[in-house]
Amino acid sequence: MDITAYSVVMAWIWTTLLAIIIYIIQQNRMLHYFGIRNLLILYVFCILRTIVPIELSITKVIPVKGVYNAVTRFCTKPLTEGMIPAGYVLLVVWGCGTVIKLYILVKDYWMSNHMLRDFSIRNDDTVQRILEALQREHGDNRKIVVYRTFLTVPMEMGIRHPRILLPDQEYTEQQLYYIIQHEYTHILNHDTTTKLIINLWICIFWWNPITYLMNYNIENALEFNCDLTAVKTLDNEKKAEYLSTILYVMKNRRKQSNHRQLPKSMNALYRLHNDTELVKRFRIVSECVNMTEIEQKRHNLYLRLLSVTYIVIFFLTYCFVIQSKFDVPVEGMTKEVDDYYIEPEKIILRQNGDVYEVISEEGKVIIVDEETAMQMREVFLEGE
């Protein structure tokens, strides 16, 4: 089990392909049939594939030329005489960028918690009654504090000590119920933890544009999932009330967009969508149908089968890795035991299954095709 530059590149390739598939699913009505939960599972596999870029013992090497060779030459060639290779410079830049992004994330988290000092705790009877009823329904005994804030949108924050933040404005009791239900559903779904993991992932792979696209899409998926969880027991009339509350909150945020906000990395999950995403959100809620017990069992079986399929595909992505293939000079070969050496570079020619590897003294591995390897052996045998 190894981690190489090529295995890291393969992880990026698979992540990019999966991100494109997820984006296509979210852009049309396939999302309704595919399901939000399945989409979130795909996101999990996408992130795991990125952070676990390993080569297994069963991994088959596929040698290629072209762009791979050009990139390999660039990364292994010193920028100037006597300097370290460009690949190491890129690694240093990667590490520095990650440290800076982590610093900004920690700073934003500290600022978010520090700003709570400017908020007052909201203790009115209506809010407490609604929250206590929701907690009793789920057997939840945690202490959840509700704050009155200058923010323009409701949100929840906190992992160990969850908090609900409500704008300092008047709501009807019905609107308060749906707002608190929505934010409490985020708490039940551990969406703050999910967002923290996503932010850490972006800190590590900050240079990859796919991570930012996926961050935006995951936030939408979390909102869709929260909506479906909140309305799964509601009839059509109550669903309409729920959606009207969302619309009311969105309109009020647009009017007050000049107010101060929390730091961006810790922003609300219940956030302002563009018109397209808002229409999609309304359609998903309105098309949600309460399933019978038999339908629920079938749906759960469907989810299990898809999960098994995802796991199988996930491990299949580790079955091969693409590496650069170079033509190697065949002059001046000697032999020691079962390895072939190229003089004066002292390079080893070794067969690894169906793959022929040329290994330098520094440990650099170059893949050659069978024809080149046979030519190298013939040159040696003629020299004997």
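**Close-up views of a predicted model**

**View 1. The loop that holds D369.** D369 is placed in the loop that runs between strand β11 (365-368) and helix α13 (370-383). The model shown here and in the other views is a predicted one. With a relative accessibility of 25%, D369 counts as partly exposed, because buried residues must fall under 20% and exposed ones over 50%. Along the chain, D369 and P63 are 306 residues apart, yet a distance of 7.8 Å separates their C-alpha atoms.

**View 2. The protein as a whole, for orientation.** The protein contains 13 helices and eleven strands. It has 384 residues, of which 45% count as buried. Considering contacts between residues at least 6 apart in sequence, 71% join residues that are at least 24 apart. The exposed surface of the protein amounts to about 21,400 Å², and carbon and sulfur atoms supply 61% of this area.

**View 3. Helix α1 and its buried residues.** Helix α1 comprises 22 residues, numbered 5-26. From the first C-alpha to the last, helix α1 reaches 32 Å, close to the 32 Å expected at 1.5 Å a residue. Buried residues occur along this helix, among them Y6, V8, M10, L18 and I25. The buried set of α1 also includes the polar residues S7, T15 and Q26. I22 is another buried residue of α1; when neighbours within four places in sequence are left aside, I22 is in contact with L39, L42 and Y43.

**View 4. The largest nonpolar core.** This core has 28 residues, and those touching the most other members are I22, L39, L40, L42, Y43, M214 and I218. Two or more residues are contributed by each of the elements α1, α3 (36-51), α8 (191-204), α9 and α12 (293-316). Helix α3 provides the largest share of the core, namely eight residues. A second core, separate from this one, has 24 residues, including Y147, L151, L176 and I179.

**View 5. N217 in helix α9.** N217 belongs to helix α9, which spans residues 209-231. N217 is buried, because its relative accessible area is 3% and the cut-off for burial is under 20%. Apart from its neighbours within four places in sequence, N217 is in contact with Y23, Q26 and Y43. Of these partners, Q26 is itself one of the buried residues of helix α1, and Y43 is among the residues that touch the most other members of the largest nonpolar core.

**View 6. An open sheet of four strands.** The strands of this open sheet follow the order β2-β3-β5-β4, and their pairing is mixed. The edges are formed by β2 (120-121) and β4 (155-157), each of which pairs on one side only. Strands β4 and β5 run antiparallel and are joined by three bridges. E156 has I164 of β5 as its bridge partner. In general, strands of a sheet pair through backbone hydrogen bonds, in either a parallel or an antiparallel manner.

**View 7. The salt bridge between R148 and D168.** Five salt bridges are present in the structure, and R148 and D168 form one of them, with their closest N and O atoms 3.2 Å apart. R148 lies in strand β3 (residues 145-149) and D168 in the loop between β5 (163-167) and α7, so this pair ties together parts that are 20 residues apart in sequence. R148 is partly exposed, at a relative accessible area of 28%, whereas D168 counts as exposed, at 53% relative accessibility.

**View 8. The salt bridge between R129 and E173.** R129 and E173 form a salt bridge in which the closest N and O atoms are 2.8 Å apart. This pair links distant parts of the chain, 44 residues apart: R129 lies in helix α6 (residues 125-137) and E173 in helix α7 (residues 173-188). Both partners count as partly exposed, R129 at 41% relative accessibility and E173 at 47%.

**View 9. The salt bridge between R122 and D124.** The side chains of R122 and D124 meet in a salt bridge, with an N to O distance of 2.7 Å. R122 counts as buried, its relative accessibility being 6%. D124, by contrast, counts as partly exposed, with a relative accessibility of 25%.

Key:
Residues numbered from 1 in each chain as written. Predicted model: local features only at pLDDT ≥ 70, side-chain atom pairs only at ≥ 80, totals over all residues. Heavy atoms only, no water. Salt bridge = Lys/Arg side-chain N within 4 Å of Asp/Glu carboxyl O. Buried < 20%, exposed > 50% of the residue type's maximum accessible area, 1.4 Å probe, protein only. Contact = heavy atoms within 4.5 Å. Expected span 1.5 Å × (residues − 1). Areas by Shrake-Rupley, 256 points an atom, 1.4 Å probe, with all protein chains shown as cover. Pairing = 2+ DSSP bridges. Core = buried A, V, L, I, M, F, W, Y, C linked by side-chain atoms within 4.5 Å.
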